[in-house]
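Please work through the exercises below with the sequence and the structure open beside you, and try each task before you read its solution.

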Amino acid sequence: GRTGCNAHLTLRRTKPGGRFQVSGFQPRHNHPLFAAPRGPPSPFQSPPNAAPPPDFIDDDASATARAAWAEGEGPLRTRRQWEIKYGEAAALLNHLQRQSLADPAFHHAVQLDVEDKVANVFWVDAKMVADYAHFGDAVAFDVVSRNSISLRHLASFVGCNSFGEPVVFGLALMYDETCESFRWLFQTFLHAMSGRAPKTFISHQDTVIAEALSLAMPGTTTAHAICAWHIKHVAKGNIRQLSKGDANFIEEFKACVDGEYDEEAGFLAAWDAMVSKYELRDNAWLQRLFEKKHKWARPYAKGIFSAGMEGTRLNERLNSEVRGHLRAEVDIVLFLRHLQKVISDRRHRELEMEYGSRLMMPYLKIRAPVLTQASDVYTSVIFQLFQEEYEEFQSAYIVSRDESSPCREYVVSLVEKEDRRYTVYGNPMEQTVTCSCGKFETVGFLCSHALKILDVMDIKYIPDRYIMKRWTKYARRLTSPEVLGQAVQAEESLEISNRYQHLCPKYVRLVARASECEESSRVLDQFWGELGDKVEQILQKQTSISSAPVTLQPDVQNLKMALSSITDGTESENVVDISSRAAAKTVVKKKGQKSKNHPRNCVEKGLTKKQKVHSEEPAVVQYGLADGSAQSGNAMFQGLEAAPNLSKMGSQTPTYIPYMV
């Protein structure tokens, strides 16, 4: 049977009649090698209908193994494709074990091959799970340095946050890249994310990945999209016109791949003309690409949500920062530490961007109600993109209209792009609008054509259903009971992880110190039972009350007294003190700070009404949020008319605490 072996030798001839040149060679096999018999069969060879070996006799263990293989959860049935340097597997697993001890929400999984050797390793921490809960609607998957012997194969699940910056959802080191391995990896990723599949899964053009994805997510509505950038990169080695640098063909090919044609008829006509003009109907690679056009061509992919990601380019940004440490001679622990530093730096930059967006008011080129609302809701990056759409809306005009029914039909065009026309449907009663360009369905905010029709229908604000929560300033805030439980679970697991990391080292040091003396050990053992009972009482009281607020001040005081009696005052600062300090309402006003904002341009100088900045949480305008994972569950939040209360912000989003001074 097929084993997905990647061993190959590629020969290429630059011109007809020229010499062949070796362009690719992979000597590694993932299966034992056998020489074909040249003479009569040996009496020691097993006949074709021989009984299976004892390891595969039909017993309960074999049935369990076959069931695991059928579900993609069992070990590989073949040898791994790539070898691991001696001692590297043990160092890798020890490092992951230390991570699990330090972080209870850290999850890792290992897949073995037929020889019980490490084949693939996957890991994810609490922050990745929390990020996936908020931004996991579109996931880009890539494996760096595939088919390379000298580099480690790092697989990454990457998305984009509310600022369009890359955010990592999961990582893996792969020493086998068969369909069975990818299926195990995808299923393990879903298991770590509580079974929540993304809306869109973006990858390279690879039949093995496509088959594994269909097996790992059979009952989901996940759409598989192919990276257009990777298509253009691979095409250079499969189309001779690209290798020769034919400028005309390159222009026509990019027009088809980059989405210059919005309608199916235009795309098919351009593709057929290109294939006929350059005599490429016999090109097998181009035929396979055309068969998968629904995964990359714009007329078919307009309804696939991509969050504005350009294929796997975000994965490439991560790969470029760690590529220097992927060499096999680099110590595996050093590589993992460098990888963690890269991820930590990205998270730090994200916090800086979020904090900066809350302090700086965006610049409005036009004082319009829609832009005012968008500036209060969207992050600074998304607002700039939305403001560009609003500027383009100023040059839009209606070519034709049909307002005979409640659902009106309009044909919209732009002054500078009169050759392109878009059909927009609008319903003023239900405040709905749909454009044929599919920008909202693909990116997540309204296009200029839809804004034109909203203005025609006298709708001066963005309807709630068209404000996707993932692009807002409060994308991480849980402000509504209608938010999916997965997000709540992710935030709780992150808080548990933070408390665990704070308490565990302190009590380990305390126990180690108390063990040096018999009397101190006896005192610690005595208070251990009392402290455990008190903790159980608090937890039981907290779980028994679901809706009403719980006041735990007496229990907290008793717990703090017990802790102080154990530590004799040396370890009195604990997580309860941190929580109480975080809950304290403290607002510091700098010396000489003015309470009113100065106008920055002539438009703001003409305004007679000035807004007063309060330290309390504003309650001026409320806008609905359309969650990217479920549009029916809209969460309401308050517009950012002033700086929110620092203590409340810190309690709702713990990641902002280090910056709220």
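The exercises that follow concern a predicted model, and each is solved step by step.

**Exercise 1. The protein as a whole**

Task: State how many helices and strands the protein has, what percentage of its residues is buried, and how many disulfides it holds.

Solution: Begin with the secondary structure, which comes to 23 helices and 15 strands. Next take burial: of the 661 residues in the protein, 43% are buried. For contacts between residues at least 6 apart in sequence, 64% join residues that are at least 24 apart. Finally, the structure holds zero disulfides, a disulfide being a covalent bond between the sulfur atoms of two cysteines.

**Exercise 2. Two cysteines**

Task: Classify C179 and C407 as buried, partly exposed or exposed.

Solution: The step of reasoning needs the cut-offs, namely that a residue is buried under 20% relative accessible area and exposed over 50%, with partly exposed in between. C179 has a relative accessible area of 19%, and therefore counts as buried. C407, with a relative accessible area of 42%, is partly exposed.

**Exercise 3. Strand β4 and its partners**

Task: Determine how many residues of strand β4 are buried, and describe how β4 pairs with β3 and with β7.

Solution: Consider burial to begin with: seven of the seven residues of β4 (residues 118-124) are buried, so the strand is largely enclosed by the rest of the structure. Turn then to strand β3 (residues 107-112), which runs antiparallel to β4 and is joined to it by six bridges; within this pairing, H107 has V124 of β4 as its bridge partner. The two strands form a hairpin with five residues between them. D116 lies in the loop between β3 and β4, where its phi is near 60°, a positive value in a residue other than glycine. At 60% relative accessibility, D116 counts as exposed, whereas the residues of β4 are buried. Lastly, strand β7 (residues 166-174) is also antiparallel to β4, with four bridges joining them, and here V121 stands opposite L173 in β7.

**Exercise 4. The buried faces of two helices**

Task: Compare the expected span of helix α15 with the distance between its end C-alpha atoms, and explain where its buried residues lie around the axis; then treat the buried residues of α6 in the same way.

Solution: Helix α15 (residues 380-393) has 14 residues, which at 1.5 Å a residue should span 20 Å, and its end C-alpha atoms are 20 Å apart, in agreement with that expectation. Its buried residues are I382, F383, F386, Q387, E389, Y390 and F393. Seen down the axis of α15, these residues fall within an arc of 155°, so they line one face of the helix. The elements that cover them include α14 (369-377), β10 (396-402), α16 (439-442) and α17 (448-456).

In helix α6 (residues 228-235), the residues H230, I231 and A235 are buried. Because the buried residues of α6 fall within an arc of 135° when seen down its axis, they too line one face of the helix.

**Exercise 5. A four-stranded sheet**

Task: Give the order of the strands in the open sheet that contains β10, and explain why one side of each edge strand has no neighbour in the sheet.

Solution: The sheet has four strands in the order β10-β11-β12-β13, and the pairing is antiparallel. β10 and β13 (432-435) stand at the edges and have a single partner strand each, so one side of each is left without a neighbour in the sheet. On average, neighbouring strands of this sheet are turned by 25° against each other, direction ignored. Six bridges join β10 to strand β11 (residues 408-414), and the bridge partner of I398 in β11 is V412. Helix α17 packs on the sheet, where it touches β10, β11, β12 (421-427) and β13, and its direction makes about 125° with that of β11. In the loop between β12 and β13 is Q431, which has a positive phi of about 55° although it is not a glycine, and which is partly exposed, with a relative accessible area of 36%.

**Exercise 6. A buried loop residue**

Task: Locate A307 and list its contacts beyond its neighbours within four places in sequence.

Solution: A307 is in the loop between α11 (298-301) and α12 (313-322), and at 6% relative accessibility it counts as buried. Leaving aside neighbours within four places in sequence, A307 is in contact with A138, C160, T442, V443, R470 and W471. A307 and N161 are 146 residues apart in sequence, yet their C-alpha atoms are 9.1 Å apart in space.

Notes: Residues numbered from 1 in each chain as written. Predicted model: local features only at pLDDT ≥ 70, side-chain atom pairs only at ≥ 80, totals over all residues. Heavy atoms only, no water. Disulfide = S-S within 2.5 Å. Buried < 20%, exposed > 50% of the residue type's maximum accessible area, 1.4 Å probe, protein only. Pairing = 2+ DSSP bridges. Expected span 1.5 Å × (residues − 1). Arc of directions from axis to C-beta. Contact = heavy atoms within 4.5 Å. Axes fitted to C-alpha atoms, helices over the stretch in contact; angles between N-to-C directions.
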